[in-house]
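Please open the model in your viewer and keep the sequence panel beside it. This tour proposes one selection after another and says what can be found at each stop.

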Amino acid sequence: MTTVLVDPGSAGKSPAMMGGAGWANPAPSKRLSVKLGNAIRRVAVRSSTACRVRRGRLFIERLRPTEADSILDLGGGSGGHIAEIVPYRANVTIGELDAEALARAAATYGFGTLQLDGGETFPVADGQYDMVFCSSVIEHVTGPKEVTYDLEDGAAFAVAARAAQANFAAEIRRISKRYFVQTPYKYFPIEQHSFLPFFVVLLPRAWQVRLMRFLHEHRWFKPVYPDFRLLTVKEMRALFPDAEIVVERYCGFVKSVIAIKA
């Protein structure tokens with residue numbers, strides 16, 4: 001198995017590449033704190049868009065999808081991201097828990113849809129899809145959200161999250177002939193969900209939950225719930241042993257890890 005380094009290319013131009021997150025919209029205000037938040041937003045949108053565009057190109061280069069290939073965008077939301085990567089529509093399916101997002105994907109892009117139920121087994125046959133595309137999803141596969149949002153027991157969270165992520169990875173390998181699975185790197189200098197310094201991932205679980213709850217209540221410009229467990233290169237290798245592991249860098253730092261089976 002090899003490890004390949006990838007640097008982001010030139011920035012794309014569409015904030016929609018961020019997935020339509022409301023946090024990316026500047027907040028009009030003359031307050032210094034708000035101006036600072038808006039400046040961070042602009043930098044984040046540019047860098048994230050550039051990286052997502054680069055990953056899209058990498059997906060095309062390595063997996064070489066054609067109009068005849070069946071593609072499952074796992075956790076693809078309303079379909080905006082995969083729509084910017086491939087021009088095809090009839091052969092693309094969005095797999096999601098959110099029924100409203102699936103309806104938008106079908107209405108906006110004409111994509112097929114797959115309603116997931118959160119169970120351990122996807123409602124999909126072995127090898128049903130030619131390829132699976134999965135971007136920034138596996139780190140959120142940590143167990144039932146009604147439990148993980150407020151779970152402060154670090155050991156219990158780690159056990160549940162590892163098991164859920166291992167099952168998720170095994171299901172991707174089961175249902176696809178080829179796959180492209182990307183996740184943010186655990187030790188990037190900025191924790192990419194909350195935009196807090198990376199050492200937040202080293203805090204005890206109880207502190208993380210309380211800190212993010214506090215920031216959410218006090219209108220931190222990038223509020224998140226701590227349902228995620230970030231992964232390392234070593235962990236991605238273990239989850240996807242038949243894949244090539246690609247390390248994406250930004251400003252010299254590892255930003256994300258991608259498992260590719262082409």
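A crossover is called right-handed if, with the strands pointing away from the viewer, the path from the first strand over the helix to the second runs clockwise. With that in mind, please note that the structure on your screen is a predicted model, and then select S3, H3 and S4 together, since these three elements make a right-handed β-α-β unit.

**The whole chain**

Before going into detail, show the protein chain as a cartoon, in which there are seven helices and 10 strands. Of its 262 residues, 48% count as buried. Among the contacts in the chain with a separation of 6 or more, 66% are between residues 24 or more positions apart. If you switch on a surface, the chain exposes about 12,800 Å², and carbon and sulfur atoms supply 58% of this area.

**Strand S3 and its neighbours**

Now select residues 92-96, which form strand S3, and ask how many of its residues are buried. The answer is five of five, and S3 is thus described as mostly covered. On one side you will find Val92, Ile94 and Glu96, on the other Thr93 and Gly95, and these residues are all buried, which leaves both faces of the strand covered.

Next, add strand S2, residues 71-74, which runs parallel to S3 and is joined to it by four bridges; Asp73, for example, has Ile94 as its bridge partner in S3. To follow the chain from S2 to S3, trace it through helix H2, residues 80-85, and you will have followed a right-handed β-α-β crossover. Then add strand S4, residues 112-115, which also runs parallel to S3 and is joined to it by four bridges.

**Gly95**

Select Gly95 within S3 and look across to S4, where Leu114 stands opposite. Gly95 counts as buried because its relative accessibility is 0%, the cut-off for buried being under 20%. Beyond its neighbours within four places in sequence, Gly95 is in contact with Leu72, Asp73, Leu74, Gly75, Gly76, Leu114 and Leu116. If you use the distance tool between the C-alpha atoms of Gly95 and Val132, which are 37 residues apart along the chain, the separation is 9.9 Å.

**Helix H3**

Move on to helix H3, residues 99-109, and colour its buried residues, which are Ala101, Leu102 and Ala105. Because they cover an arc of only 100° around the axis, they lie on the same side of H3. These buried residues pack against S3 and S4, whereas the face turned away from them carries the exposed residues Glu100 and Ala107.

At the start of the helix, show the side chain of Asp98, one oxygen of which reaches to within 2.9 Å of the backbone nitrogen of Glu100. Following H3 comes Gly110, whose phi is positive, near 75°.

**Asp227**

For the last stop, select Asp227, in the loop between helix H6, residues 205-217, and helix H7, residues 233-239. Is Asp227 buried or exposed? At 7% relative accessibility, Asp227 counts as buried. Show the side chains of Asp227 and Lys145, and you will see that a polar contact of 3.0 Å joins them. Apart from its neighbours within four places in sequence, the residues in contact with Asp227 include Glu139, His140, Thr142, Thr148, Tyr149 and Phe157.

Methods:
Residues numbered from 1 in each chain as written. Predicted model: local features only at pLDDT ≥ 70, side-chain atom pairs only at ≥ 80, totals over all residues. Heavy atoms only, no water. Helix = DSSP H or I, 4+ residues; strand = E, 2+ residues; numbered from the N terminus. Buried < 20%, exposed > 50% of the residue type's maximum accessible area, 1.4 Å probe, protein only. Contact = heavy atoms within 4.5 Å. Arc of directions from axis to C-beta. Polar contact = N/O pair within 3.5 Å; in protein donor to acceptor, adjacent residues only side chain to side chain. Pairing = 2+ DSSP bridges. Areas by Shrake-Rupley, 256 points an atom, 1.4 Å probe, with all protein chains shown as cover.
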